[in-house]
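Biologist: I'm new to reading protein models, and I'd like a close look at just one part of this one. Could you walk me through it slowly?

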Amino acid sequence: ALFWRDGVFQEGMRRWVFLDRHRGPGSQVALLQRLQFNNQNVVVCATHLRAARGDDIKVQQASEVVTALQDFARGDPQIILADVNMPAPNGESVSPASTGVFEYFQTCGYRCAYREAASKG
């Protein structure tokens, strides 16, 4: 879910992106919402990546989110809110499987507040 204060932000365009091949109940989706504050646009994305054993599906879904968000945002600042279904690696004994989604978003230029908070304990 994505909430904002009426009277503070003005609602703009919205897009749903399905992250699963089938589009039915239980499908993973990303909600892209353009908001305006003081004549400045920002695009917010809320999503929940599939809970799966392997990281491949999550990285694939993260890639779909980033592609859709970049297309939709057209250069506007972007924020991603995501339940990635794994703890944030804090740099201690990190396995490659636990960092895939976090590293993917970081490689695409996004910082992770959750990861930074986890590293500070």
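Biologist: Which residue in strand 4 is the bridge partner of Cys45?

Modeller: Happy to help! Please keep in mind that this is a predicted model. The partner you are after is Ile80, which pairs with Cys45 from its place in strand 4. Let's build up the surroundings piece by piece.

Start with the strands. Strand 3 covers residues 40–48, and strand 2 covers residues 29–37. These two run antiparallel and are joined by eight bridges. At one end of the pairing, Phe37 stands opposite Gln40 of strand 3. Strand 2 and strand 3 form a hairpin with two residues between the strands, and there Asn38 takes a positive phi near 50 degrees. Strand 3 also pairs with strand 4, but this time the two strands run parallel, with six bridges between them. It helps to remember that side chains in a regular strand alternate between the two faces of the sheet.

Now back to your pair. Cys45 counts as buried because its relative accessible area is 0%, and the cut-off for buried is under 20%. Its bridge partner, Ile80, leads us to another feature: the largest pocket, with a volume of about 420 Å³. Eighteen residues line this pocket, and Ile80 is among those closest to its centre, together with Phe105, Arg111, Cys112 and Ala113.

Where does the lining come from? Strand 4 (78–83), helix 2 (96–107) and helix 3 (113–120) each give at least two residues. Strand 4 supplies the largest share, with five residues. Sorted by class, the lining holds twelve nonpolar residues, three polar ones and three charged ones.

Cys112, one of the residues closest to the pocket centre, makes a nice contrast with Cys45. Cys112 counts as partly exposed because its relative accessibility is 23%, whereas buried would need a value under 20%. With cysteines in view, you may wonder about disulfides. A disulfide is a covalent bond between the sulfur atoms of two cysteines. A search of the whole structure finds zero of them.

One last stop involves another cysteine, Cys108. Ser63 and Cys108 lie 45 residues apart in sequence, yet their C-alpha atoms are 9.2 Å apart in space. Ser63 belongs to helix 1, which spans residues 56–73. Ser63 counts as partly exposed because its relative accessibility is 27%.

How values were computed:
Residues are numbered from 1 along each chain as its sequence is written. This is a predicted model: local features need pLDDT of at least 70, side-chain atom pairs count only at pLDDT 80 or more; totals for chains, interfaces and linings use all residues. Side-chain values use heavy atoms; hydrogens and water are left out. On a 1 Å grid over the protein atoms alone, a cavity is a set of points where a 1.4 Å probe fits but cannot get out, and a pocket is an open set with protein on both sides within 12 Å along at least five of seven lines; lining residues have an atom within 4 Å of a point. Grid points are joined across faces, edges and corners, and a volume is the space filled by probe spheres set on the points. Helices (H or I, at least four residues) and strands (E, at least two) are DSSP runs, numbered from the N terminus. Ala, Val, Leu, Ile, Met, Phe, Trp, Tyr, Cys and Pro count as nonpolar, Asp, Glu, Lys and Arg as charged, and the others, Gly among them, as polar. Buried means under 20% relative accessible area, exposed over 50%, partly exposed in between (1.4 Å probe, protein chains only). Two strands pair if DSSP finds at least two bridges between them. A disulfide is a pair of cysteine sulfur atoms within 2.5 Å.
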